[in-house]
Amino acid sequence: MADPLLFNPRTYDPAQFDPETRRLLRATVAWFEDRGKRRLIEDYRSRAWLADFLAFAAKEGLFATFLTPASAAGHKDQRWDTARIAALNEIFGFYGLDYWYAWQVTILGLGPVWQSDNTAARTRAAELLAQGEVFAFGLSEKTHGADIYSTDMLLTPDGNGGFRADGSKYYIGNGNAAGLVSVFGRRTDVEGPDGYVFFAADSRHPAYHLVKNVVDSSKYVSEFRLEDYPVGSDDVLHTGRAAFDAALNTVNVGKFNLCTASIGICEHAIYEAVTHAHNRILYGRPVTAFPHVRRELADAYVRLVGMKLFSDRAVDYFRSASSDDRRYLLFNPMTKMKVTTEGEKVIDLMWDVIAAKGFEKDTYFAQAAVEIRGLPKLEGTVHVNLALILKFMRTHLLPPAEFAAVPTRLDAADDTFLFEQGPARGLGSVRFHDWRPAYDVYAGVPNVARFREQADALCEFVTTSAPDEEQSRDLDLLLAVGQLFALVVHGQLILEQARLTDLDEDVLDELFSVLVRDFSAFAVELHGKDSATADQQRWALGAVRRPVVDEARSGRVWERVEALSGAYEMAP
């Protein structure tokens with residue numbers, strides 16, 4: 001029997017969506033299954049460009065349907081709907097991150113276009129999507145990375161109202177094939193932020209020079225160079241501060257996709273890992289008979305469930321965002337930082353069990369073990385996103401604001417606010433609803449109650465032992481505090497989604513036993529930091545808790561994990 005909490009192609013039925021969305025999601029699954037595991041793995045090993053996949057996507061109108069907002073739509077099924085985008089992320093991750101990557105950088109490339117009021121560029125983008133083209137996001141540079149303050153892509157006025165662009169970009173996905181590349185640069189005749197420009201380029205133009213693929217992969221992560229590239233008024237997407245905001249707001253949209261890709265990778269891997277371990281006999285017993293193996297696989301399972309619960313609930317806040325409700329600005333880097341690093345832990349736990357099997361060339365797991373590492377490192381490092389999360393700690397934990405309850409958002413609506421986010425500043429003014437009621441609902445679940453003690457202790461820390469001005473310059477210390485705060489937010493959205501989906505309380509209790517251990521480990525890490533004060537050290541050790549042990553509960557959760565053996569094997 002299939003586990004209802006995990007994606008399984010054998011039983012997949014996205015009944016929550018409209019007919020055309022269901023058709024496209026099922027067609028995508030069918031394309032991969034028909035292609036088969038051997039071909040999928042061989043394409044990955046041989047670093048083949050994704051021409052066949054992109055031809056399928058073009059034929060079905062997949063990208064055009066999912067990535068054209070209603071304001072630019074040519075038919076009724078086109079909209080920008082984060083719920084169904086998340087579902088497709090998961091499918092792509094399940095079958096191979098290379099496919100997800102081509103889609104992901106198309107999303108990033110479209111961000112500045114859909115935020116622009118340049119009608120000609122928007123029309124061109126919609127037409128290119130309808131033709132099956134992919135897009136690219138030309139932001140980062142070899143010398144400066146994504147430091148947009150220091151861009152060396154220079155636009156010189158041509159005397160006729162346009163520009164000539166010169167410079168290079170580095171680490172640009174789809175740069176080999178993009179029908180439109182959104183490129184960030186600055187004018188040579190205007191100083192400061194007023195000189196920023198986002199413009200559209202075509203990778204097929206003679207003045208666009210493809211240098212190389214900077215990674216050894218099917219993903220084409222390009223370096224390209226523009227030499228005397230003509231930029232007309234129809235190519236200019238944003239100027240001045242609006243160009244800066246478009247860059248950051250595009251990343252806000254794009255980084256959300258990393259969490260569900262990570263989930264898909266872990267789901268495919270867990271089927272392989274449990275099936276292998278359960279059917280391997282060691283010392284006359286299945287490997288899964290050993291207590292440490294059961295613990296590692298059960299921990300992997302509940303962490304994966306937690307990843308899904310958090311991400312699904314974050315979709316609702318993303319889709320319900322507005323200029324008066326910007327809570328997504330916290331939950332978004334949480335999906336980027338916390339969910340993707342949980343994915344690494346899930347893979348590592350399973351890899352400890354299957355050991356050498358995880359290297360074998362005929363497994364999906366071998367690529368999962370490599371690709372899961374990339375997601376925490378894309379769209380800003382873990383440290384950058386954790387520092388961003390930390391900016392919200394005091395306003396989230398202490399003075400709650402009143403908000404109407406956010407419902408589950410699976411409606412076929414266009415998420416218009418994502419392209420109307422406005423200025424990328426004012427994080428200190430973002431307010432949050434009270435996190436405590438989500439915990440109160442499950443106060444009778446032993447490990448939720450135990451974790452709540454730790455969350456309350458963190459509030460005490462913020463009010464009595466928070467880093468002083470000098471410590472606030474010690475990012476190493478602050479990041480340890482940020483990990484503690486991230487766990488509280490992680491737990492909150494997990495609990496909100498658990499209530500909405502009536503999650504089995506055995507699974508929830510087992511999941512929170514893991515979170516109790518995680519909080520304790522980060523508290524001990526804080527205790528050991530060089531600049532931690534005596535009060536902070538005492539607080540840290542006082543926040544350590546032991547999870548509530550229940551062998552019967554753990555046994556019931558293990559039965560769910562054991563049932564994954566043989567539940568799915570990709571068509572050969």
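## Helix H5 and its start

At the start of helix H5, a side-chain oxygen of aspartate 81 comes to within 3.0 Å of the backbone nitrogen of alanine 83. This is a polar contact (a pair of N or O atoms within 3.5 Å; within protein, one must be able to donate a hydrogen and the other to accept it, and residues adjacent in sequence count only if both atoms are side-chain atoms). The model is predicted: local features need pLDDT of at least 70 and side-chain atom pairs count only at pLDDT 80 or more, while totals for chains, interfaces and linings use all residues. Residues are numbered from 1 along each chain as its sequence is written, and side-chain values use heavy atoms, with hydrogens and water left out.

Helix H5 covers residues 82-95; its 14 residues reach 20 Å from the first C-alpha to the last, close to the 20 Å expected at 1.5 Å a residue. The expected span is 1.5 Å times one less than the number of residues. Helices (H or I, at least four residues) and strands (E, at least two) are DSSP runs, numbered from the N terminus. Because 14 of the 14 residues of H5 are buried, the helix is largely enclosed by the rest of the structure. Buried means under 20% relative accessible area, exposed over 50%, and partly exposed in between (1.4 Å probe, protein chains only).

## Salt bridges

The structure holds 56 salt bridges, each defined as a side-chain nitrogen of Lys or Arg within 4 Å of a carboxyl oxygen of Asp or Glu. Side chains of opposite charge can pair when their charged atoms come close. Asp81 belongs to a network of salt bridges that also links Asp18, Arg79, Arg319, Arg409, Asp411 and Asp415. Within this network, arginine 319 lies in helix H10 and is buried, with a relative accessible area of 6%. A polar atom of the arginine 319 side chain also lies 3.0 Å from the backbone oxygen of aspartate 411.

Helix H10 takes part in another pairing: arginine 313 forms a salt bridge with glutamate 496, with the closest N and O atoms 2.8 Å apart. Glutamate 496 lies in helix H17 (residues 475-501) and arginine 313 in helix H10, so the pair ties together parts that are 183 residues apart in sequence. Both glutamate 496 and arginine 313 are buried.

Aspartate 535 and arginine 538 meet in a salt bridge of 2.2 Å, N to O. Both lie in helix H19 (residues 534-542), three residues apart, about one turn of the helix. An α-helix has 3.6 residues a turn, so residues three or four places apart point the same way. Aspartate 535 is partly exposed at 46% relative accessibility, and arginine 538 is exposed at 56%. Glutamate 60 and lysine 59 form a further salt bridge, their closest N and O atoms being 3.7 Å apart; glutamate 60 is buried at 18%, whereas lysine 59 is exposed at 69%.

## Aromatic pairs and a buried threonine

The count of aromatic pairs comes to 40. The rings of phenylalanine 256 and phenylalanine 318 have centres 4.6 Å apart and planes at 25°, so this pair is stacked. Phenylalanine 256 lies in the loop between helix H8 (241-255) and helix H9 (257-279), and phenylalanine 318 in helix H10 (residues 291-319), so far along the chain that 62 residues separate them. Both phenylalanine 256 and phenylalanine 318 are buried. Rings of Phe, Tyr and Trp (its six-membered ring) pair if their centres lie within 6.5 Å; planes under 30 degrees apart count as stacked, over 60 as edge-to-face and the rest as tilted.

Threonine 335, in helix H11 (residues 328-354), is buried with a relative accessible area of 0%. Its side chain reaches the backbone oxygen of asparagine 332 at 2.5 Å.

## Positive phi in loops

Most residues other than glycine have a negative phi, and most peptide bonds are trans. Arginine 47 has a positive phi of about 60° although it is not a glycine. Arginine 47 lies in the loop between helix H2 (37-46) and helix H3 (51-60) and is partly exposed at 40%. Tyrosine 283 also has a positive phi, near 55°. Tyrosine 283 is placed in the loop between strand E9 (281-282) and strand E10 (285-286) and is exposed at 74%.
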